[in-house]
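Reader: I would like a close look at a single part of this model, followed outward into its surroundings. Please take it in one connected account.

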Amino acid sequence: HQEDAIYTYTASVLLAVNPYRNVEGLYSQDQCIRYRGKHIGALPPHPYAIADAAYRALAREHKNQAFIISGESGAGKTETAKIVMQYLGFVSGSSSSITAQ
């Protein structure tokens, strides 16, 4: 957490610690490009990795995919959902740019 490593994996589950501040560059277009097409575990844990895996499974298998985002009040569920949707828009070509958060 002190080193801005706010994500970790437990099997294919992404766990996060809310840093309660902006972590510069964590959700940039460069990060989207970095995670696109990479397998989970090839890069540090990130919502983009989970979103990319789901998007690729959707395209490959033509089966619906789902995300479960859970946590206590104020844990960052809404922000995480926005981050995942932002990435899916990027990777699908529906969004041409990522706005820095």
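At 35% relative accessibility, does Ile40 count as buried, partly exposed or exposed?

Author: This is a predicted model, and what follows should be read as a description of that model. Ile40 counts as partly exposed, because its relative accessibility of 35% falls between the 20% limit for buried and the 50% limit for exposed. Ile40 sits in the loop between helix 1 and helix 2. Leaving aside neighbours within four places in sequence, Ile40 has contacts with Tyr9, Ala49, Ile50 and Ala53. From Ile40 to Phe90 there are 50 residues along the chain, and the two C-alpha atoms are separated by 18 Å.

The loop between helix 1 and helix 2 also holds His46. His46 counts as buried, because its relative accessibility is 1%. Setting aside neighbours within four places in sequence, His46 is in contact with Tyr7, Tyr9, Leu14, Leu26, Tyr27 and Tyr35. Tyr9 is thus a contact of His46 and also a contact of Ile40. The C-alpha atoms of His46 and Met85 are separated by 13 Å, with the two positions 39 residues apart along the chain.

Tyr7, one of the contacts of His46, leads into the nonpolar core. Not counting residues up to four places away in sequence, Tyr7 touches Leu14, Leu15, Ala16, Leu26, Tyr27, Pro45, His46, Pro47 and Ile83. The largest nonpolar core has 19 residues, and Tyr7, Leu26, Tyr27, Tyr48 and Tyr87 are those with the most contacts inside it. Two or more residues of this core come from each of strand 1 (7-10), helix 1 (29-35), helix 2 (47-61) and helix 3 (77-92). Helix 3 gives the largest share, six residues.

The aromatic residues can be taken next. The count of aromatic pairs is four. In the pair of Tyr27 and Tyr48, the ring centres are 6.3 Å apart and the planes stand at 75 degrees, so the pair is edge-to-face. This pair links distant parts of the chain: Tyr27 is in the loop between strand 2 (13-16) and helix 1, Tyr48 is in helix 2, and the two are 21 residues apart. Tyr27 and Tyr48 are both buried.

For Tyr87 and Phe90 the ring centres are 6.3 Å apart and the planes are at 45 degrees, so this pair is tilted. Both residues belong to helix 3 and are three residues apart, about one turn of the helix. Tyr87 and Phe90 are both buried. Ring pairs join Tyr27, Tyr35, Tyr48, Tyr87 and Phe90 into a cluster. Two members of this cluster, Tyr27 and Tyr35, are among the contacts of His46.

The helix packing involves some of these residues too. Helix 2 and helix 3 pack at an angle of about 50 degrees, with 9 Å between their axes. That angle makes helix 2 oblique to helix 3. Their crossing is right-handed. On the side of helix 2, the contact is made by Pro47, Tyr48, Ala51, Asp52 and Tyr55; on the side of helix 3, by Ile83, Val84, Gln86, Tyr87, Leu88, Val91 and Ser92. Pro47 and Ile83, which take part in this contact, are also touched by Tyr7.

Val91 shows one end of this contact list in more detail. Val91 is placed in helix 3. Val91 is buried, with a relative accessible area of 6%. Apart from neighbours within four places in sequence, Val91 is in contact with Arg36, Asp52 and Tyr55. Val91 and Thr78 are 13 residues apart in sequence, and their C-alpha atoms are 20 Å apart in space.

Two other loop residues can be set beside Ile40. Tyr20 lies in the loop between strand 2 and helix 1. Tyr20 counts as exposed, at 67% relative accessibility. Its phi is positive, about 55 degrees, although Tyr20 is not a glycine. His62 is in the loop between helix 2 and helix 3. His62 is exposed, with a relative accessible area of 69%. Phi of His62 is near 55 degrees, again a positive value in a residue other than glycine.

To return to the starting point, Ile40 is partly exposed, whereas His46 in the loop between helix 1 and helix 2 is buried.

Definitions and conventions: Residues numbered from 1 in each chain as written. Predicted model: local features only at pLDDT ≥ 70, side-chain atom pairs only at ≥ 80, totals over all residues. Heavy atoms only, no water. Core = buried A, V, L, I, M, F, W, Y, C linked by side-chain atoms within 4.5 Å. Buried < 20%, exposed > 50% of the residue type's maximum accessible area, 1.4 Å probe, protein only. Helix = DSSP H or I, 4+ residues; strand = E, 2+ residues; numbered from the N terminus. Contact = heavy atoms within 4.5 Å. Phe/Tyr/Trp six-rings, centres within 6.5 Å; stacked < 30°, edge-to-face > 60°. Axes fitted to C-alpha atoms, helices over the stretch in contact; angles between N-to-C directions. Parallel < 35°, antiparallel > 145°, perpendicular 65-115°, else oblique. Left-handed = near helix turned anticlockwise from the far one by under 90°.
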